[in-house]
Amino acid sequence: MIAEALAIKRETYLAIVMDSSKQGPVLVGSPKGVNIEEENPEKIFQVPVDIMEGLTREKSMKVSADLKFKGKSQEEAAEQIERLYDLFLKVDATQVEINPFVEQPDGRVICIDAKINFDDNAKFRQLEIFAQEDTNETDPREVNAAKYNLNYIGMDGNIGCLVNGAGLGMATMDIIKKHDGKPANFLDVGGGVNEDQVLNAFKLLTEDSQVKCILVNVFGGIVNCVTIANGIIQACKQISLEIPLVVRLEGTNVEEAR
């Protein structure tokens, strides 16, 4: 890649992040860029944005001033901050970080380097962006699980876990550890699971050579226990299951599922 060589007069830091404690976007800045937390932590400032009101010119000019831009550079920086905020919303980002956000000797304001994180929950709206994901360094099991909308994280134990809900998943792994076992994975099938997802979840577990038994722990609130049971039966018919299987079901239609 060939790019213009840029002269830098001054480096600043700018980020837009989604902050749950502020219930919306927050602008984070520092008039000193690059290693801001190590070198100039006292200069970091935050400016919350009302997501209903949006980023006003008054607020973008204030942020630009706090970044120590002056004159025409302040106006240009404010305009770029507004465009970055529009980008943040348009692509369902959780973070847009510009480091450094620089002022050139001629007064121009340039974004030199950027980092953008995207909200996984917005994948259905951002298919083109997520299609560019590089999975070469991702665990192949996690990549395979994502194809079926399964939440999977591989671990180093030998007890395969299939649960619904992150909270129940964490509790299940804690119980396993308490009794001197070691979970082989975190596998959450979610609330809208169907029988095919259960089947593919079992395929994922049984293809892992370190898994020596499988524990299914499901509480049917949103999930119908019958769906889980039918998926397990379908999986056992299609897969030559040669390891122990323990199933615990409670909740919606549990008697029918049994």
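# Chatting through a predicted model

Reader: Hi! Let's start with Glu255: buried or exposed?
Author: Glu255 counts as exposed, because its relative accessibility is 59% and the cut-off for exposed is over 50%. One thing to keep in mind throughout is that this is a predicted model.

Reader: Thanks, noted. Which side chain does Glu255 meet in a salt bridge?
Author: Glu255 pairs with Arg258, at 3.2 Å from N to O. Arg258 is exposed too, with a relative accessible area of 60%.

Reader: And what is the N to O distance between Arg258 and Glu250?
Author: The closest N and O atoms of Glu250 and Arg258 are 3.1 Å apart, and the two form a salt bridge. Glu250 is partly exposed, at 30% relative accessibility.

Reader: Why can side chains like these pair at all?
Author: Opposite charges make it possible: such side chains can pair when their charged atoms come close.

Reader: How many salt bridges are there in the whole structure?
Author: A search of the whole structure gives 12. Another of them worth a look joins Arg108 and Glu4, with 3.7 Å from N to O. That pair links distant parts of the chain, 104 residues apart. Arg108 sits in the loop between strands S4 (93–103) and S5 (109–111), while Glu4 belongs to the segment before strand S1 (10–19).

Reader: Nice. Which residues are linked in a network with Arg108?
Author: Glu4 and Asp106 are linked with Arg108 in a network of salt bridges. As for exposure, Glu4 counts as exposed at 56% relative accessibility, and Arg108 as partly exposed at 34%.

Reader: Changing topic, I'm thinking about pockets. How much space lies in the largest pocket?
Author: The largest pocket holds about 780 Å³ of space. Its lining is made up of 23 residues.

Reader: If I wanted to place a grid box, which residues lie nearest the centre of that pocket?
Author: Asp120, Lys123, Ala146, Leu150 and Asn151 lie nearest the centre of the largest pocket.

Reader: Great, and which element gives the largest share of the lining?
Author: Helix H5 does, with five residues. H5 covers 140–147, and strand S7 (151–154) likewise supplies at least two residues of the lining.

Reader: How many of the lining residues are nonpolar, polar and charged?
Author: The lining of the largest pocket has nine nonpolar, eight polar and six charged residues.

Reader: Good to know. On the outside, which residues form a nonpolar patch on the surface?
Author: Met18, Ile51, Met52 and Leu89 form one, and together they have about 420 Å² of accessible area.

Reader: Where does Ile51 lie?
Author: Ile51 is in the loop between strand S3 (45–48) and helix H2 (57–66). Its relative accessible area is 43%, so Ile51 is partly exposed.

Reader: Now the backbone, since I check odd geometry before any setup. Which residues does a cis peptide bond join?
Author: Asn99 and Pro100 are joined by a cis peptide bond, with omega at about 10°. Pro100 is placed in strand S4.

Reader: Why do you bring that one up?
Author: Because most peptide bonds are trans. Most residues other than glycine also have a negative phi.

Reader: Then which phi does Asp180 have?
Author: Asp180 has a positive phi of about 65°, although it is not a glycine. The residue is found in the loop between helix H6 (166–178) and strand S9 (185–188). Asp180 is also exposed, with 75% relative accessible area.

Reader: What about phi at Asn253?
Author: Asn253 has a positive phi near 60°, again in a residue other than glycine. Asn253 lies in the loop between strand S11 (245–251) and helix H9 (254–257), and it counts as partly exposed at 36% relative accessibility.

Reader: Last one, for a sense of scale: what separates the C-alpha atoms of Ile214 and Ala77?
Author: Those two C-alpha atoms are separated by 56 Å, and the residues are 137 apart along the chain. Ile214 is in strand S10 (213–220), and it is buried because its relative accessible area is 1%, where buried means under 20%.

Reader: And how far apart are Pro48 and Phe202?
Author: Their C-alpha atoms are separated by 45 Å, with their positions 154 residues apart along the chain. Pro48 is in strand S3 and is partly exposed, at 37% relative accessibility.

Terms used. Residues are numbered from 1 along each chain as its sequence is written. This is a predicted model: local features need pLDDT of at least 70, side-chain atom pairs count only at pLDDT 80 or more; totals for chains, interfaces and linings use all residues. Side-chain values use heavy atoms; hydrogens and water are left out. On a 1 Å grid over the protein atoms alone, a cavity is a set of points where a 1.4 Å probe fits but cannot get out, and a pocket is an open set with protein on both sides within 12 Å along at least five of seven lines; lining residues have an atom within 4 Å of a point. Grid points are joined across faces, edges and corners, and a volume is the space filled by probe spheres set on the points. Helices (H or I, at least four residues) and strands (E, at least two) are DSSP runs, numbered from the N terminus. Ala, Val, Leu, Ile, Met, Phe, Trp, Tyr, Cys and Pro count as nonpolar, Asp, Glu, Lys and Arg as charged, and the others, Gly among them, as polar. Patches are made of residues with over 30% relative accessible area and no salt bridge: like charges are joined within 9 Å, nonpolar side chains (Val, Leu, Ile, Met, Phe, Trp, Tyr) within 5 Å. Accessible areas come from the Shrake-Rupley method with a 1.4 Å probe; for residues, only the protein chains shown count as cover. A salt bridge is a side-chain nitrogen of Lys or Arg within 4 Å of a carboxyl oxygen of Asp or Glu. Buried means under 20% relative accessible area, exposed over 50%, partly exposed in between (1.4 Å probe, protein chains only).
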